[in-house]
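Please look over the sequence and the model together before reading on. The paragraphs below move from the whole chain to its sheets, its cores and a few single residues.

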Amino acid sequence: MSDIDQNNWSRRSFIQGMGATATGMALSACAINANRAPQGLSQAALAVEQLIDPSTLEKPNLTVGYVPVNDCAPFAVAWEKGFFRKYGLNVRLSREASWGTSRDGIIFGRLDASPVVSGAVTNARTGAEGARHAPLCAAMTIHRHGNAMTMNQAMWQAGLRPWREYNGNLEEFGRNFRRYFDNLPPEQRVWAVVLSSAIYEYFVRYIAAAAGVAPDEEFRIIIIPPPQMVANMRIGAMSAYMVAEPWNTRAIGGNEGIGFTFAQGREVWQGHPDRLLGVMESFIQENPKTYRSLVKAMIEACQYCSQQENREEVAKIISAKSFTGAKPKLTRPAIVGEYNYGGFDNQKRIVRSPETTIFFDFPPSLTKVPHDHSTFLWQSQSIWLMTQSARWGQIPQIPKNAEQLARKAWKTDLYREIAAEMGIKCPQEDYKIEPAEAFIDNKPFDPSDPVGYLNSFEIKANRPKSLFLS
């Protein structure tokens, strides 16, 4: 067996092993989670006048998943405020134990729709390693940003600090980063993410490689469901993790006191899509009216979450046991935009920014294209995800039909049609160049040349010489 084959086999074996572990944990949590999903409609929802007659829809009764992180805000709001009901839908929300069960629930038909980690839809089309190969698709994002990388107290004591304090100096961060891991035995060089072959794993790898550290050589990446991140860091299962809020804020001093936020995901890639509303392609084909109603309800919920005057209320709604079950002081920072990076020197590192979590309206600093908004899907960003999948050997090469796959996975044209029915204008292009300042390493992404972009990275996994999948 060649070194490359051996490395690939080892990675597959590791992922399969971790997948089995995560599945076991997810199944053990299912009974608890099932009982914690919201039951019955609120008085506010019952009072909403139905804009769509349910009898005109192919499938008005839906089971929609969510995961207990801040990402569930639009689902909680659509439920509590009656947006599902407004568009003729009788939705049963299903609390999912992990992002793996959220994705697989759609694929295996247990769920009609559910949020999926950015990358899961694209990689389901390409069959990336660690991803289920299935015709998943999405017509909208749920939100952008709203996630972060948490490091443990030992990393702080080793000299690592929040990225903001490095002032863009990747070399200095790389020295600190390497020094910490060099002093650890190999079995303790572990970073956790919520799903393999998805944007959080890519962010962990991206920032390490940008600092000159080869992730496949320096540390391992394991998969842990979001609510279990803090507990696993406390017992020393990993040094760092990347997850959606509130599980970063929960780790900082003044809460659990076991970690600090190294960087928000928006500092790795400003404007990145975080969660998509995933469905199977067959669901859209068989239930076109129903799907339109679902997307409209979710867009309206995202618009509600986006309004600054609603954010305090949204933070309280998702703090309920049915949703995150976290205290408002933990859900609030990323929703309202008063984010504390924490630390172990008794200093508050609070950053006030509307960019912390973006549900619909972009703040002026991110408004680059007319009529752009958070729920609009740029197919070029699906291409970016493919470049990272190829970079780390999860697919052998960038597919020759990458644009076609992106078009099938991210239903941008369908979103435009649905948004137009709601009086929402959208960009007319499907692709845009991501400027240098959007990324932590100041490397721009031109979707017209994904191979050139991939070649520009010095650190990547061993791959065949050909960069295209025939």
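The protein in this predicted model is built from 19 helices and 15 strands. Its radius of gyration is 21 Å, close to the 23 Å that the globule rule gives for 470 residues, so the protein is as compact as a globular protein of that length. Along its principal axes, the C-alpha trace extends over about 65 × 55 × 45 Å. Of the 470 residues, 62% are buried, while the surface that the protein exposes comes to about 18000 Å², with carbon and sulfur atoms supplying 49% of it. If one takes the contacts between residues at least 6 apart in sequence, 76% of them join residues at least 24 apart.

A good place to begin is an open sheet of four strands, which run in the order β3-β10-β4-β13 with antiparallel pairing. Its edges are formed by β3, residues 114–117, and β13, residues 357–358, each of which pairs on one side only. At one edge, β3 pairs with strand β10, residues 273–280, in the antiparallel sense over four bridges, and here serine 114 has glycine 278 of β10 as its bridge partner. The side chains of β3 are divided between two directions, with Ser114 and Val116 pointing one way and Pro115 and Val117 the other way, yet all of these residues are buried. At the other edge, β13 pairs with strand β4, residues 136–145, in the antiparallel sense over two bridges, and isoleucine 358 in β13 stands opposite arginine 144.

Another antiparallel pairing joins strand β5, residues 147–152, to strand β9, and this one comprises five bridges. Within it, alanine 148 is matched with glutamine 264 of β9 as its bridge partner. Strand β9, residues 259–264, is mostly covered, since six of its six residues are buried.

From the strands we can turn to the interior. In soluble globular proteins, nonpolar side chains tend to be buried together. The largest nonpolar core of this protein has 96 residues, among which Phe173, Phe177 and Phe262 touch the most other members. Helix α9, residues 199–210, contributes nine residues, the largest share of this core. A second core, separate from that one, holds 54 residues, including Val77, Met298, Val314 and Ala419. Which residues does phenylalanine 173 contact, if its neighbours within four places in sequence are left aside? The contacts of phenylalanine 173 are Met151, Leu160, Trp163, Tyr166, Ile207, Ala211 and Phe262.

Ala419, named above as part of the second core, also appears among the buried residues of helix α18, residues 412–421, together with Thr412, Leu414, Tyr415, Arg416 and Ile418. The buried residues of α18 pack against the strand β4 and against three helices, namely α12 (281–286), α13 (288–306) and α16 (379–391). After α18 comes glycine 423, whose phi is positive, near 75 degrees.

One of the helices in that packing, α13, contains alanine 301. Is alanine 301 buried or exposed? With a relative accessible area of 0%, alanine 301 is buried, because buried here means under 20%. Leaving aside neighbours within four places in sequence, alanine 301 is in contact with Pro74, Val77, Ala78 and Phe83. The C-alpha atom of alanine 301 is separated by 19 Å from that of leucine 414, a residue 113 places away along the chain.

The cysteines close the tour. How many disulfides does the structure hold? The structure holds zero disulfides, and two of the cysteines show why such a bond is missing for them. For cysteine 137, the closest cysteine sulfur is that of cysteine 302, 17 Å away, which is too far for a bond because a disulfide requires sulfur atoms within 2.5 Å. For cysteine 426, the closest cysteine sulfur also belongs to cysteine 302, and at 13 Å it is likewise too far for a bond. Cysteine 137 counts as buried at 0% relative accessibility, and cysteine 426, with a relative accessible area of 7%, is buried as well.

Notes:
Residues are numbered from 1 along each chain as its sequence is written. This is a predicted model: local features need pLDDT of at least 70, side-chain atom pairs count only at pLDDT 80 or more; totals for chains, interfaces and linings use all residues. Side-chain values use heavy atoms; hydrogens and water are left out. Two strands pair if DSSP finds at least two bridges between them. Buried means under 20% relative accessible area, exposed over 50%, partly exposed in between (1.4 Å probe, protein chains only). A nonpolar core is a set of buried Ala, Val, Leu, Ile, Met, Phe, Trp, Tyr and Cys residues joined through side-chain atoms within 4.5 Å. Contact means heavy atoms within 4.5 Å. The radius of gyration is taken over C-alpha atoms; the globule rule is 2.2 Å times the number of residues to the power 0.38. Accessible areas come from the Shrake-Rupley method with a 1.4 Å probe; for residues, only the protein chains shown count as cover.
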